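Hi,

Here is the structure I said I would pass on. Have a look when you get a minute; my notes on what turned up are underneath.

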Amino acid sequence: MSAPKVIELPPESRGTSLAPPGAPDRVIPRRQKTLRQSIRKDWQLYSLAVLPLVFFVVFRYLPMAGNIIAFRRYHPGGSIFGDQWVGLRYVRLFLSDSTFWHVFTNTLILGGATLLFTFPLPIVLALLLNEVRTRFLRRFVQSISYLPHFLSIVVVAGIIVESVSVDGVVNQAVKAIGHSPIPFIQQPEWFRPIYVSSEVWQTIGWGTILYLAALTTIDGNLYEAARIDGASRWRQTWHVTLPGIRPTMMTLLILNIGTFLAIGFEKVLLLYNPLTYPTADVLSTYVYRVGILTGSFSYAAAIGLFESIIGLVLVISANFVSRRAVGTSLW
Amino acid sequence: MSNVSRRKVLAGAGAASAVALGLAACGDSSSEGSGGVPNSTQGPDVSKNKDGAMDKYGVGDQFKATKPLKFSIMILSNAAYPYNANWLFFTELTKRTNVTFDATVVPGSDYNQKRSVMISGGNAPLIIPKTYRPDDEQYIASGAILPVSDYASLMPNFSDKIKKWKLEPDIDSMRQDDGKYYLLPGLHESVWKDYSLAVRTDILQKLNLTVPKTWDDLLNVLRAMKTIIPAGGYPMSDRFSVPPQPAGANNLLSILGEAYGTHAGYQWQATTFKNGKFVYTGAMDEYKQMLQYLNTMISEKLLDPESFTQTDDKARQKFSTGMSYVMSCNAQTIQNDNKQDIAKIPGATVVKIPVPIGPIGAAMTGSRLENGVMISAKAKDSPNLVAMLQFVDWLWYSDTGQMFAKWGIEGTTYTGNINDGSFKLMPEIKFAGLNPTGTKNIQVEYGFYNGVFAYGGSTKLLNSQFAPEEVAFQEEMNKRKVLPVDPPHPLSADEREQVTLWDAGLKDTVAQNTVKFALGQRPLSEWDAYVSELKAKNMDQEVDLTNKSYDRYKKAHG
Amino acid sequence: MVTVDLRRRVGATTRRPNQGSRAFNAVNAVILTGVVVATLYPFINILARSFSEEHAIRSGQVNLIPKGFNLTTYRTVLTDGTFWTNYGRTVEYTVIGTIISLVLTTCYAYVTSKKQLRGRGLLIGIAVFTLFFNGGIIPNYVLVSHLHMRDTLWAIVLPNAISVFNLLVMKAFFETLPTELEEAAEVDGMGTYGILLRIVLPLSKAIIATMVLFYAVAYWNSWFSAFLYMDRQDMFPVTVYLRNLIYGATSGTNEDASTDTALQIAANIKAVTVVLTVLPILVVYPFIQRYFVTGILLGAVKE
């Protein structure tokens, strides 16, 4: 990005980020002294935030009070805030349940593996698409690649199960190389690769959209400058393109780290079976079976809070590290 | 009903049950403490809730409210015959009973969740049908649903059928630890076995075999079939595995488990009543023997290993291309799936065979109750409570009401009588396999035979919907001895919470090992190690708690 | 004051393709072809099944070309009045929902992108916190119920108006815009509203197009809110209708109507559903795509 330029201002200007009139060559953000002064200066900005804040308070923070049932005994049909305090009973229940820790570990592993592959691959694809010369071809590939995003989970699960069945596509290839067919869906060690591959397949095209939008913001002059300096395509990518999309990348990375525990239960539910429980059972499927199906909402709420706290801690840490390491952060 | 205060009634109930305990052994259906009749003959005080109700309403009476009434109800909309407010069913119902519905329409795909949310959110309708056991149990602790057993005296047809068909033990199995039950179940006169195996009869003919009667017979049939099946195929490749309940091959395990005297697959129960007490099903010897049988099937390559995990579509594909000859089915799927799937195979025929017989002989278990109606607790304060209960009683439990809900109006949609064999649908009306050339579907056009209102009933009523083939199947099955259902062992809300957690871990272990032992991934010689694993997951504690609540209930209620 | 957009695509590279460049292009082509095949093949298969005859589907004969071409399922669905009523609802919810979401998200993203704004951290924190903590289904249901929004359009478009994910992405985008442009506009006497409308938004076509796409698709595919808050059939969006159709056709319950039509429907209803849901998006998407390639203001600011 180009260096900040100095701008002379007439005295009656109302900027917030500029030096006081008459000050030479320094652009210092001046902190407002009192709250009232900042509100008065930026009231228009604050006014833009009013409606969204109302949204957050009414539709996000008000219902949050419902989480109280993690600490109170709740019965479906009774008061939505539960009937009586039970303190940490449910927390203790799940902390001491060995199945809980097992599925928690599964969730960590599966979430981590998914993140490892689904984060960088859309970037790679976006970059590859960017290098395609013919506009038509580029748009064609990009439009096709996002199609899997629109398939419902049921359909995707059906496609996956069919492909890895004993006479499905994958086993045809296995047979072609002389091996006997493998019943993938029945083997716990294959669940994670199958799940992660399906996630990559489903999200890679859609994920490129954001990056392609970000790519359009890169100053073309920078490429010119780099080319003039003799940079090859690869160096141009490394020094111009990647830094250009870095804010988008880091935002997405931090968000994904924060939410990586939230593996949706519907997909796992459709792909797993008792033989693969050891690797496939995750927090959400566990909570679904034990909490929701049986009406033990308090238990489910307690686990939900546990997940939320972890997620929040992760996001704060990721944000901190990002700020220190690369200078971009959410806040 | 006289103006007796509730306290007096309860005191009377206590006295009556004390007498009953002293006089009769528990389980005797004539004792006052069991069956559909509450401990007192009077029930709770409903003097303020009689608005619109009939003064004299009994078995055989047509219910008609004394003034127009409107009841809120949750109606499941099945996409095969989507909800239509203008159905003849609704207009005729109003004509006969003076009742109209205020319907909350819920798509069938997510009925349970919507019901749960509405009840929890406090605005559930008064009448909540399509509720399967034990889904009602989670609402009991909060007092959100009515203990309908208290009001059974206001429902003469319901009580009459229980007595007539000797359903008291089945009803008892629904009772909670307060001795009451909270669901008005669908009542069947006889056990209704629907699921069995579909077998390619042309292949049997080719191999000069007869329809297998026992599970051992089946093994021999499968062995013979193996000699002619194309390479890559298995004589049997099963369906009904997704979602696993709890292990996959849900029907195969269900009928096999029953034949061995245990519970598996669809009929899985955590505990089984054996020799006077409850034991953990997954650790029973009978369960092990069943797994032994499955293992034999797998190791001799008679059963496709994918049976435990494949989708129904996949299983059907194999059947329709002649890569398998036997699979699970029910009355519906044998007509719609199996018969259609083999249509392109020349000469192929398929039949639903009577359930094969195992070590326990020609007997079957099974409840004669099915999904039913919950009543919201808010109804207690409604001035129309009695009228509503009479209405529910007439529509769901009276002979005329059941006939109306199922087949409609005599002279308009059908002629004749189901009791003497003269019953016939009008020629232009079609339903399932009956009158295929008819132009008007009785469900779609008229709203009759709707799963929300029409189920259960006498054997004759049930048979009127079946193709002759199915009727033959039912008659064969009904010759078998019916084994008693397990006695009630209701848990308190606290206990249920704890058991739910233990059960989750135990069930997973059982499910995994069921498939592993069957497939041979784990040798049955490790059975004892497996039982130790179950013990480590609190199996003994769960069984103890179950037995304690069984004893407790026996002492309190007889 | 501002330059015309560069008609070239971004990342223009050298004009002389050399050896390494050609090899790279070849590898790129292979990879992208793989992507197209992997993503297109299942979709073509689904398309073929939606037009195929029941038995062919059941016995696994349908691959890329329909076998036993018929329009039975399409006809059944498309001639059902309820389908069109619900389709209209979907469009209604999508359009209104997207507009509301876009306005709210853009405003908040713009405000929180101002690094010197006092209280900015708090505003961002308020949003991020909701990413992790929510009340669950029942408290939300009770809230919507008390606000008397059940069975109204508002139950769909208000409770999910802002996606914090989209918000943060948009904010990151705004932060990359050169501040000189806004500062210059301030010099000229423009207020905040003016700057937002006349300077920032025209510069942000790519991100706005992206947000429109994200929100519109989310509303288009959503069914859960509608299912939860709507008790009347005519208020359901088409997703609920189709979902119920699939369930009814494939659940094998004993009371189902069963005819040849029903069997045909059961065989390919899922495929037909996919096609009917994706088609409109496929049609609309190319119009949005052009915002991704051209039209960004770059470079010179008057000095």
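The hairpin in chain B is made by β6(B) and β7(B), with two residues between the strands. One residue of that turn, Asn275(B), has a positive phi of about 50°. Before you read too much into any angle, keep in mind that this is a predicted model. β6 covers residues 271-274 of chain B and β7 covers residues 277-280, and the two pair in the antiparallel sense over four bridges. If you want a pair to click on, Lys274(B) has Lys277(B) in β7(B) as its bridge partner.

Chain B also has an open sheet of three strands, in the order β8-β5-β9, with antiparallel pairing. Its edge strands are β8 (326-329) and β9 (350-353), each of which pairs on one side only. Neighbouring strands in this sheet are turned against each other by 35° on average, ignoring direction. β5 (residues 196-200 of chain B) is joined to β9(B) by four bridges, and these two strands run antiparallel. Within that pairing, Val199(B) sits opposite Val351(B) of β9(B).

A few backbone oddities in chain B, since you will probably want to check them before setting anything up:

- Arg133(B) to Pro134(B) is a cis peptide bond, with omega near -10°. Pro134(B) belongs to the loop between β3 (127-131) and α4 (156-164) of chain B.
- Gln245(B) to Pro246(B) is cis as well, with omega near -15°. You will find Pro246(B) in the loop between α7 (215-226) and α8 (250-260) of chain B.
- Ala249(B) is not a glycine, yet its phi is positive, about 45°. Ala249(B) also lies in the loop between α7 and α8 of chain B.

Now for the interfaces, starting with chain C and chain A. Here 98 residues of chain C are in contact with 98 residues of chain A. The two chains bury about 8900 Å² between them, and carbon and sulfur atoms give 72% of that area. On the chain C side, Arg118(C), Phe132(C) and Phe133(C) lose the most area to chain A, and together they make up 8% of what that side buries.

How many salt bridges does the rule find across the interface of chain C and chain A? Zero. There are polar contacts, though: the count between chain C and chain A is 12 residue pairs, both residues at pLDDT 80 or more. Helix α1 (residues 19-50) of chain C gives the most to the side that touches chain A, with 14 residues. Sorted by class, that side of chain C has 63 nonpolar, 22 polar and 13 charged residues.

Then there is chain C with chain B. In this interface 35 residues of chain C are in contact with 40 residues of chain B. The buried area is about 3400 Å², with 51% of it on carbon and sulfur atoms. Between chain C and chain B the count is four salt bridges. One of them links Arg58(C) to Asp313(B), where the closest N and O atoms are 2.6 Å apart. The count of residue pairs in polar contact between chain C and chain B is 15, again with both residues at pLDDT 80 or more.

Which parts of chain C supply the side that touches chain B? α2 (54-58), α6 (137-146), α12 (224-229) and α13 (238-250) of chain C each supply at least two residues. The largest share comes from α13(C), with six residues. By class, the side of chain C that touches chain B has 15 nonpolar, 12 polar and eight charged residues.

To put the two interfaces next to each other: chain C buries about 8900 Å² with chain A and about 3400 Å² with chain B. The salt bridge counts are zero with chain A and four with chain B.

Cheers

Terms used: Residues numbered from 1 in each chain as written. Chains lettered and ligands numbered in written order. Predicted model: local features only at pLDDT ≥ 70, side-chain atom pairs only at ≥ 80, totals over all residues. Heavy atoms only, no water. Contact = heavy atoms within 4.5 Å. Buried area = accessible area lost by both parts, 1.4 Å probe. Salt bridge = Lys/Arg side-chain N within 4 Å of Asp/Glu carboxyl O. Polar contact = N/O pair within 3.5 Å; in protein donor to acceptor, adjacent residues only side chain to side chain. Nonpolar A, V, L, I, M, F, W, Y, C, P; charged D, E, K, R; others polar. Pairing = 2+ DSSP bridges. Axes fitted to C-alpha atoms, helices over the stretch in contact; angles between N-to-C directions.
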